[in-house]
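This report walks through a few local features for a reader who is meeting the structure for the first time. Please keep the sequence and the 3D view at hand while reading.

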Amino acid sequence: MISFKSYIPYYKDNLRLALPVIMSQVGQISVQLADTAMVGWYGGDDPTPLAAVSFGTSVFYIIFITAMGLAFGLTPLVGEHFARGDERHASHLLLNGIILFALTGIITSGILVAVRPLMQIMGKAMIDSGGDASVSEVIEAALPYYDTLIWGMIPVIIFCTFKQFLEGIGNTRIAMVVIITCNLINIALNWILIFGKFGIEPMGAVGAGLATIVARCCMCIMIGGYVLFSPRFRHFIRAFDRAAIRLRTMWEILKVGIPIGFHMFMESSAFVVANILVLSFGAHAISAYQICTNMMQVTFMIVIAIGSANTILCSHIFGRGDFHRLRRTVYSAYHLGLLWCVTAAIGFVAFRYTIPSFFSTNSQVIQITGTLLIYIALFQIPDCLQALSISALRGLQDVRVIIPIVFVSYVVINIPAGYLFAFRFGFGAKGLIMGLIAGLTCSAILTIRRLQRDMSSAEKRIAAGTTEP
C-alpha cells in the first residue's frame, strides 16, 4: 500500500519548481484561449476565421515544436553540471546554446517559408477528396496568419535557450515573470489588432499573429537582458569567451536535444496529420477540433510544468549520483500529473457543451465539440503517463531510446489507426482522436518500462556502493 505521507517532501520539491512553470503555462494558455476566443468572436457564426487559425497554427507548430525540442536538451546537461558544482561548464553550455539555437532559428524560419506553398496543395487535396468547399476559404485566410508566425521563430527559440538554462540551475521564477508580463501584452494587442481599436483597421486572424510576434520579441529581450546583465548571473557570464565556443559543446547539446526534438516532431506530426485530415470533414469540424486542441493544451501545459520540474530534479539526482531519491521523485510526479488529468477529464465530460460556447456561437460547432470532448477526456491518462516518463528519461539523459519508441507509437500505430477509425470505420473526427489515444497508450507503456529499468539499475548501483552516473 502506498504511503502518501512519505511522498510529501517529494511533492514539495516538485511543486516548488513546477508552480512557477505552471503559472507560466497558465499565461501561455490564456493567450491561446484568448486568440481562439477573440478570433471566434470576430467570425461570429462564420467558422472560417477560427478554422484558419487552426490550420495555420498546425502547419507552423510541427516545425516550431521540433526546434524547441532541440533546446530542451540544454536543461538536463546544465542541471547535471550545476549539481556537480561545475558552473563554468554550465555557462559554456549557455554560450554555445545561444549561438546554436540562433542558427537553428534562422534555419527553421527558412524551412517555414519553404513549406508555405504546401499549404495550398494540402487544402486542394482535401477539397478534391470530398471535403467541405469552405476549405478553400480556410486556406486563403490561413496563409497571412501563418506568415506572421514565421517572424517570431528566432526570438522565441532564443528565449527558450535562456529559459532552459535557468531551469537547469533550478530557477523557474524568472521565466514565469517574463512570460506572464509578455502574455498580458499579447492579449492587449490581440484586442486592439483583431477587432481594430484606436483607429486601427480590424485584422482578424492576422492581428492575432502580429500580437504574437511582438510578445515573443519582448520575451527574448527581457529574459536575455536579465541573464546577461543582472549581477545575480555575473559569475556565469564572466566565463564567456571566444575559446569556450566549441563544436564539441554544441554536439554535446545536440546529442541530448536531437532525440527530444525527434520525439516532439513525431508527436506533433501525429497531431498535425490529424488536424489536416479533419479538413475532410468541413469547416465546422475544423473549428470544433481547434477548440478541443486548446482544451488538450490546457491540461497538457500543466503536465509539461510538472514534467519540467521532474526533469530538473532527475538531472540533479543524476549529477550528484543521489539515486536513492530517484524512484520517489518519479512517482511523486506521476501522482501530481494523474491527479490533475483525472480532474480535467471529469470537467471535460461534465461541461462538454458549456466549454465550446465560450469560443463559438455556431450550434453545429458546439454540438461536434461536445462529442469530441468525451474522447479528449479518455486521452488524458496515457498522455500524462508518457509525458512524465519521458521527462524523467530526459533528466537521466537516457534519450536515445525515445526515438524507436515514438516511431512505433506515432508512425506505426497512431496515424494508421486514426485514419482507419476516421475514414474506414466511419467515426469521422472522433476516429482521429481514437488514433491518438492508441498511439499515446503505446508510448506510455514503453516509456514506463524503460524508466522502470533505469530506476532498477540505479538501485543496484546503490546496493553495490556505486553512485557514479
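Which residues does histidine 263 touch, not counting residues up to four places away in sequence? In this predicted model, histidine 263 touches Gln386, Ile390, Ile402, Val406 and Tyr410 when those sequence neighbours are left aside. Histidine 263 belongs to helix α10, which covers residues 247–277, and with a relative accessible area of 5% histidine 263 falls under the 20% limit and is therefore buried.

**Helix packing**

Two packed helices are described by the angle between their axes and the distance between the axes. For α10 and α11, the axes come within 11 Å and cross at roughly 160°, and since angles over 145 degrees count as roughly antiparallel, α10 and α11 are roughly antiparallel to each other. The crossing in which α10 passes α11 is right-handed. On the α10 side the contact is made by Glu267, Phe271, Ala274 and Asn275, while α11 contributes Tyr289, Thr293, Met296 and Phe300. The residues of this contact of α10 with α11 divide into five nonpolar, two polar and one charged.

Helix α11 (residues 283–320) also packs against helix α3 (residues 74–83), at an angle of about 45° and with the axes 7 Å apart. That angle makes α3 oblique to α11, and α3 passes α11 in a right-handed crossing. The contact involves Thr75, Pro76, Gly79, Glu80, Phe82 and Ala83 of α3, together with Thr311, Ile312, Ser315, His316, Phe318, Gly319 and Arg320 of α11. Sorted by character, the residues of the contact of α3 with α11 comprise five nonpolar, six polar and two charged.

**Salt bridges**

Side chains of opposite charge can pair when their charged atoms come close. The structure holds six salt bridges, and the table lists some of them, including the distance between the closest N and O atoms.

| Acidic residue | Basic residue | N to O distance |
|---|---|---|
| Glutamate 80 | Arginine 84 | 2.8 Å |
| Aspartate 147 | Arginine 116 | 2.7 Å |
| Aspartate 454 | Arginine 453 | 3.3 Å |

Glutamate 80, which is one of the α3 residues in the contact with α11, is buried, with a relative accessible area of 7%, whereas its partner arginine 84 counts as partly exposed at 43% relative accessibility.

The salt bridge between aspartate 147 and arginine 116 links distant parts of the chain, with aspartate 147 in helix α5 (residues 135–150) and arginine 116 in helix α4 (residues 87–128), 31 residues apart. Aspartate 147 is partly exposed, with a relative accessible area of 25%, and arginine 116 is likewise partly exposed, with a value of 28%.

In the salt bridge that aspartate 454 forms with arginine 453, aspartate 454 counts as buried at 11% relative accessibility, while arginine 453 is partly exposed, with a relative accessible area of 48%.

**A loop residue**

Where is the place of glutamine 397? Glutamine 397 sits in the loop between α13 (363–395) and α14 (402–424). The phi angle of glutamine 397 is near 60°, which is a positive value in a residue other than glycine. With 23% relative accessibility, glutamine 397 counts as partly exposed.

Methods
Residues are numbered from 1 along each chain as its sequence is written. This is a predicted model: local features need pLDDT of at least 70, side-chain atom pairs count only at pLDDT 80 or more; totals for chains, interfaces and linings use all residues. Side-chain values use heavy atoms; hydrogens and water are left out. Axes are lines fitted to C-alpha atoms, for helices over the stretch in contact, and angles run from 0 to 180 degrees between N-to-C directions. Helices (H or I, at least four residues) and strands (E, at least two) are DSSP runs, numbered from the N terminus. Angles under 35 degrees count as roughly parallel, over 145 as roughly antiparallel, 65 to 115 as roughly perpendicular and the rest as oblique. A crossing is left-handed if the near helix is turned anticlockwise from the far one by less than a right angle, and right-handed if clockwise. Contact means heavy atoms within 4.5 Å. Ala, Val, Leu, Ile, Met, Phe, Trp, Tyr, Cys and Pro count as nonpolar, Asp, Glu, Lys and Arg as charged, and the others, Gly among them, as polar. Buried means under 20% relative accessible area, exposed over 50%, partly exposed in between (1.4 Å probe, protein chains only). A salt bridge is a side-chain nitrogen of Lys or Arg within 4 Å of a carboxyl oxygen of Asp or Glu.
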